[in-house]
Amino acid sequence: MKKVLLSVCLLLLSSVSHALSVEATQLKEKLALFDQIKASFVQRVLSPEGKLLNESRGEMIISRPGKFFWQVNVPEEELIVSDGQTIWYYSPFIEQVTLINFSDAINDTPFALIAGSDDEQWQDYMVSKQNNQFTVTNPDNVQATTFIFDFDNNDNISQFVMIEALGQRSEFMLTHQSIDTKVPNTLFNFNIPAGVEVDDQR
């Protein structure tokens, strides 16, 4: 479960550059429509054969660029927080927090695109579009994860999907909530509770 969560919250930096297509530009513009997202989510992990392996529910807040607060409530509490430099992964059950350098950790995920990646990172991807669905692939890495973004009629992300090279599929269904006032940056800093084991991998 930790691997799946971190994979959501962490973009492969390739040295090969491609011209940004019309579809990629459209997706980038859609993602740039917001500064912050607040939503509840349902995550379903499916095997290559379509068998449900795991389902979780929680809340997320994203503040572009690079900041997020990802709280899993069910079936087991977990929290991932990023201030754009450090990622904290906290598991209350085992009383441990893992610290990861954000710039080192961004690795082959859709979250970097949602959170506000730069133009150089976008050039590593090929984007196709059908109606309000965008599919993102890396043509220079056959082992790279495929990303799918679905938008509703209000240009909100209704679902994003990760399909790994071997076929495992992670689906994230979002229910958006209104943000009346801008979320303060203090939310994206994690204060480590006393007595918690710290695994600093920065």
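Two strands pair if DSSP finds at least two bridges between them. Strands (E, at least two residues) and helices (H or I, at least four) are DSSP runs, numbered from the N terminus. The model is predicted: local features need pLDDT of at least 70, side-chain atom pairs count only at pLDDT 80 or more, and totals for chains, interfaces and linings use all residues. Residues are numbered from 1 along each chain as its sequence is written, and side-chain values use heavy atoms, with hydrogens and water left out.

**Exercise 1. The sheet**

Task: Give the strand order of the open sheet and name its edge strands.

Solution.
- Step 1. The sheet has twelve strands with mixed pairing. Their order is S7-S8-S9-S10-S11-S1-S2-S3-S4-S5-S6-S12.
- Step 2. Strand S7 (126-130) and strand S12 (197-200) are the edges, since each pairs on one side only.
- Step 3. From one strand to the next, the twist averages 20°. Axes here are lines fitted to C-alpha atoms, for helices over the stretch in contact; angles run from 0 to 180 degrees between N-to-C directions.
- Step 4. Now add H2, which packs on the sheet. H2 touches S7, strand S8 (133-137), S9 and S10. Contact means heavy atoms within 4.5 Å. The direction of H2 makes about 80° with that of S7.

**Exercise 2. Strand S4 and its neighbours**

Task: Describe how S4 pairs with S3 and S5, then decide whether the faces of S4 are covered or open.

Solution.
- Step 1. Start with strand S3 (residues 67-74). S3 pairs with strand S4 (residues 78-83) in the antiparallel sense, over six bridges. Three residues lie between the two strands of this hairpin.
- Step 2. Read off the partners. Phe 69 stands opposite Val 81 in S4. Gln 71 has Leu 79 as its bridge partner.
- Step 3. Cross to strand S5 (residues 86-91). Four bridges join S4 to S5, again antiparallel. Leu 79 has Tyr 90 in S5 as a bridge partner.
- Step 4. Check the turn. The S4 and S5 hairpin has two residues between the strands, and Gly 84 takes a positive phi near 95° there.
- Step 5. Apply the burial cut-offs: buried is under 20% relative accessible area, exposed is over 50%, and partly exposed is in between (1.4 Å probe, protein chains only). Six of the six residues of S4 are buried, so S4 is largely enclosed by the rest of the structure.
- Step 6. Split S4 by face. Glu 78, Ile 80 and Ser 82 are buried on one side, and Leu 79, Val 81 and Asp 83 on the other. Both faces are covered.

**Exercise 3. Around strand S9**

Task: Trace the pairing of S9 on both sides and state how many of its residues are buried.

Solution.
- Step 1. On one side, four bridges join S8 to S9, and the two run antiparallel. Phe 134 stands opposite Phe 149 in S9.
- Step 2. S9 also pairs with S10 in the antiparallel sense, over six bridges. Here Phe 149 stands opposite Phe 160 in S10.
- Step 3. Count burial. Five of the six residues of S9 are buried, and the strand is mostly covered.
- Step 4. Look at the hairpin of S9 and S10. Five residues lie between the strands, and Asp 155 takes a positive phi near 65°.

**Exercise 4. Salt bridges**

Task: Find the partner of Asp 155 and explain what the pair ties together.

Solution.
- Step 1. Set the criterion: a side-chain nitrogen of Lys or Arg within 4 Å of a carboxyl oxygen of Asp or Glu. The whole structure holds six salt bridges.
- Step 2. Asp 155 meets Lys 30, with N to O at 2.4 Å.
- Step 3. Lys 30 lies in helix H2 (residues 22-31) and Asp 155 in the loop between strand S9 (146-151) and strand S10 (157-163), so the pair ties together parts that are 125 residues apart in sequence.
- Step 4. Compare exposure. Lys 30 is buried at 13% relative accessible area. Asp 155 is partly exposed at 31%.
- Step 5. Look for a network. Arg 44, Glu 55, Arg 57, Arg 169 and Glu 171 are linked by salt bridges. Within it, the closest N and O atoms of Arg 57 and Glu 55 are 3.2 Å apart.
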